[in-house]
Amino acid sequence: MRIEERQVYRRGMELVVIRHAIAVERTEELPDADRPLTERGRRRFKQVVRGLRTLDLRIDRILSSPWRRAAETADLALPLLRAGGSASVCAHLCQSPRAELLSAIAEAAVPRVAVIGHEPWLGELVALLMTGESRHGETIPLKKGGVAILEGAPTPGGMSLRALLPPRVLRRLA
């Protein structure tokens, strides 16, 4: 284990919260869960990933919503995985945050976990982890392709916000 990883364990884990990239608009013919990313969304999120790599952000585990646009975003985020890292689907990411989601994050048992999902639930997750209450989630401006980085214990009120990075800022770093 490297010195950096030991320090993370002492401080708690880091949670990287990523909102899915730009997807096709909702229609009556296409169920919400089946909406794919647009080409523009793919292109822009690849730039976000390059920006995160410029910041030397590496992830040990990715948990993504099973909905198509989040799963496609997770595929684009795979270059952020450290050697030996893994990605999996977490059905708890397509609903308001509950104890099962916090358990899934904690059970990853690695220094840095990324969750990829949808609004308003990601904002609620960030609010819950920072304040102990999810009702303030709408105050967290997590744009499509945006990233929030938290540190601490994945329990209500157990984490603090280290960074809130709009996609535009990350794309400029690419």
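Reader: What is the phi of Gly132, just after α5?

Author: This is a predicted model: local features need pLDDT of at least 70, side-chain atom pairs count only at pLDDT 80 or more, and totals for chains, interfaces and linings use all residues. Residues are numbered from 1 along each chain as its sequence is written, and side-chain values use heavy atoms, without hydrogens and water. Helices (H or I, at least four residues) and strands (E, at least two) are DSSP runs, numbered from the N terminus. Just after helix α5, Gly132 takes a positive phi, of about 90°.

Reader: How many of the eleven residues of α5 are buried?

Author: Buried means under 20% relative accessible area, exposed over 50%, partly exposed in between (1.4 Å probe, protein chains only). Helix α5 covers residues 121-131 and is largely enclosed by the rest of the structure, because of its eleven residues the number buried is eight.

Reader: Which elements do the buried residues of α5 pack against?

Author: The buried residues include Leu122, Leu125 and Leu129. Contact means heavy atoms within 4.5 Å. The packing partners are β1 (13-19), α4 (99-107), β4 (112-117), β5 (147-152) and β6 (159-165).

Reader: Which residues touch the most other members of the largest nonpolar core?

Author: A nonpolar core is a set of buried Ala, Val, Leu, Ile, Met, Phe, Trp, Tyr and Cys residues joined through side-chain atoms within 4.5 Å. The largest has 25 residues, and those touching the most other members are Phe45, Leu52, Ile62 and Val147.

Reader: Which residues of the other core, of 23 residues, can be named?

Author: Val147 touches Val16, Leu52 and Leu170, among others, not counting residues up to four places away in sequence. Apart from the core of Val147 lies another, of 23 residues, among them Cys90, Leu125, Ala127 and Met159.

Reader: How many disulfides does a search of the whole structure find?

Author: A disulfide is a pair of cysteine sulfur atoms within 2.5 Å. The sulfur of Cys90 has its closest cysteine sulfur in Cys94, 8.4 Å away, so the two are too far apart for a bond. Both are buried, Cys90 with a relative accessible area of 5% and Cys94 with 18%. The number of disulfides found is zero.

Reader: Is Glu72 buried or exposed?

Author: Glu72 sits in helix α3. It touches Pro36, Leu37 and Arg42, not counting residues up to four places away in sequence. With a relative accessible area of 11%, Glu72 is buried.
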